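Here are my notes for you to read alongside the structure. Keep the viewer open and follow the points in order.

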Amino acid sequence: MITNLEQFYFDQVNDLYSAETQLLGILPEMAENATCPELREAFKNHLQETRTHCERLNIIRDRQGISNQTEDCEAMRGLIAEARKYLTQTIPGGLRDAVLIAAGNRIEHYEIAGYGATKAFANCLGYGEDANLLGETLKEEGAADAAITKIATGGIFHSGVNEAASHTTEPVLV
Ligand SMILES: [Fe+2]
Ligand SMILES: [Fe+2]
């Protein structure tokens with residue numbers, strides 16, 4: 001049972017940690033699968049940042065004495081499973097990049113929601129240093145989302161996506 005905000009906050013910190021560690025597994029795959037060099041770079045950069053996100057959560061867990069219980073973030077597991085499903089249904093190129101952008105945006109928005117709420121809880125509980133660390137990560141999640149969106153709106157969908165779809169007999173996104 002969770003009976004107070006502090007317990008819920010600790011639970012959320014562990015949940016974020018689970019989400020971040022799951023991302024350490026998928027982000028290299030996302031980078032490898034990207035054809036657009038900017039998209040590939042965006043995922044690589046965010047992989048580096050994600051390592052820092054894990055470190056920040058560990059600082060908070062150490063400071064607060066939060067047990068390292070393995071909390072499994074089921075929502076992130078679902079987002080990753082869905083991304084992998086679409087990767088198996090497309091071939092490399094513009095269309096697969098569209099798949100990666102859709103997955104990346106979903107993942108970043110999920111993290112933004114999680115860090116936003118958890119930072120607010122930290123502030124409510126008077127844990128200002130935790131809130132600062134969570135805020136740093138929140139900024140980077142927002143920047144990662146913006147970077148992906150910028151690539152998506154920069155013409156990637158006008159070059160290659162429909163061509164790839166019409167010239168292949170491989171299964172494509174339906
Ligand atoms: Fe993150
Ligand atoms: Fe992220």
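1. At roughly what angle do the axes of helix α3 (residues 74-88) and helix α4 (residues 94-124) cross? In this predicted model, the two axes cross at roughly 175° and come within 9 Å. Angles over 145 degrees count as roughly antiparallel, so that is how α3 and α4 lie to each other.

2. Now look at who touches whom. On the α3 side you'll find Ala75, Met76, Leu79, Ala83, Tyr86 and Leu87, and they meet Arg96, Val99, Ala103, Arg106, Ile107 and Tyr110 of α4. Sorted by class, this contact has 10 nonpolar residues, two charged ones and no polar ones.

3. Next, is a given side of α3 buried or exposed? Met76, Leu79, Ile80 and Ala83 are the buried residues of α3. Looking down the axis of α3, you'd see these buried residues fall within an arc of 95°, so they line one face of the helix. Here is the general idea to keep in mind: an α-helix has 3.6 residues a turn, so residues three or four places apart point the same way.

4. Turn to the other side of α3, and the picture flips: Glu74, Gly78, Ala81, Lys85 and Thr88 are exposed there. As for the buried residues of α3, what covers them includes α1 (5-33) and α4.

5. A quick sanity check on helix length. With 1.5 Å a residue, the 15 residues of α3 should span 21 Å, and the end C-alpha atoms of α3 are indeed 21 Å apart, which agrees. Try α4 too: its 31 residues should span 45 Å, and the end C-alpha atoms of α4 are 45 Å apart, so that agrees as well.

6. What happens just after α4? There, glycine 126 takes a positive phi of about 80°. Further along, glycine 135 is found in helix α5 (residues 128-152). Glycine 135 has 15 other C-beta atoms within 10 Å, so it counts as partly exposed. Glycine 135 and glycine 116 are 19 residues apart in sequence, yet C-alpha to C-alpha they are 7.8 Å apart in space.

7. Finally, zoom out. The chain has six helices and zero strands, so from the N terminus on you can read the elements as α-α-α-α-α-α. Of its 174 residues, 34% count as buried. Take the contacts between residues at least 6 apart in sequence: 79% of them join residues at least 24 apart.

Methods: Residues are numbered from 1 along each chain as its sequence is written. Chains are lettered from A and ligands numbered from 1 in the order in which they are written. This is a predicted model: local features need pLDDT of at least 70, side-chain atom pairs count only at pLDDT 80 or more; totals for chains, interfaces and linings use all residues. Axes are lines fitted to C-alpha atoms, for helices over the stretch in contact, and angles run from 0 to 180 degrees between N-to-C directions. Helices (H or I, at least four residues) and strands (E, at least two) are DSSP runs, numbered from the N terminus. Angles under 35 degrees count as roughly parallel, over 145 as roughly antiparallel, 65 to 115 as roughly perpendicular and the rest as oblique. Two residues are in contact if their C-beta atoms, placed from the backbone, lie within 7 Å. Ala, Val, Leu, Ile, Met, Phe, Trp, Tyr, Cys and Pro count as nonpolar, Asp, Glu, Lys and Arg as charged, and the others, Gly among them, as polar. The expected span of a helix is 1.5 Å times one less than its number of residues. A residue is buried if 20 or more other C-beta atoms lie within 10 Å of its own, exposed if 12 or fewer, and partly exposed in between; C-beta atoms are placed from the backbone. The arc is that of the directions from the helix axis to the C-beta atoms.
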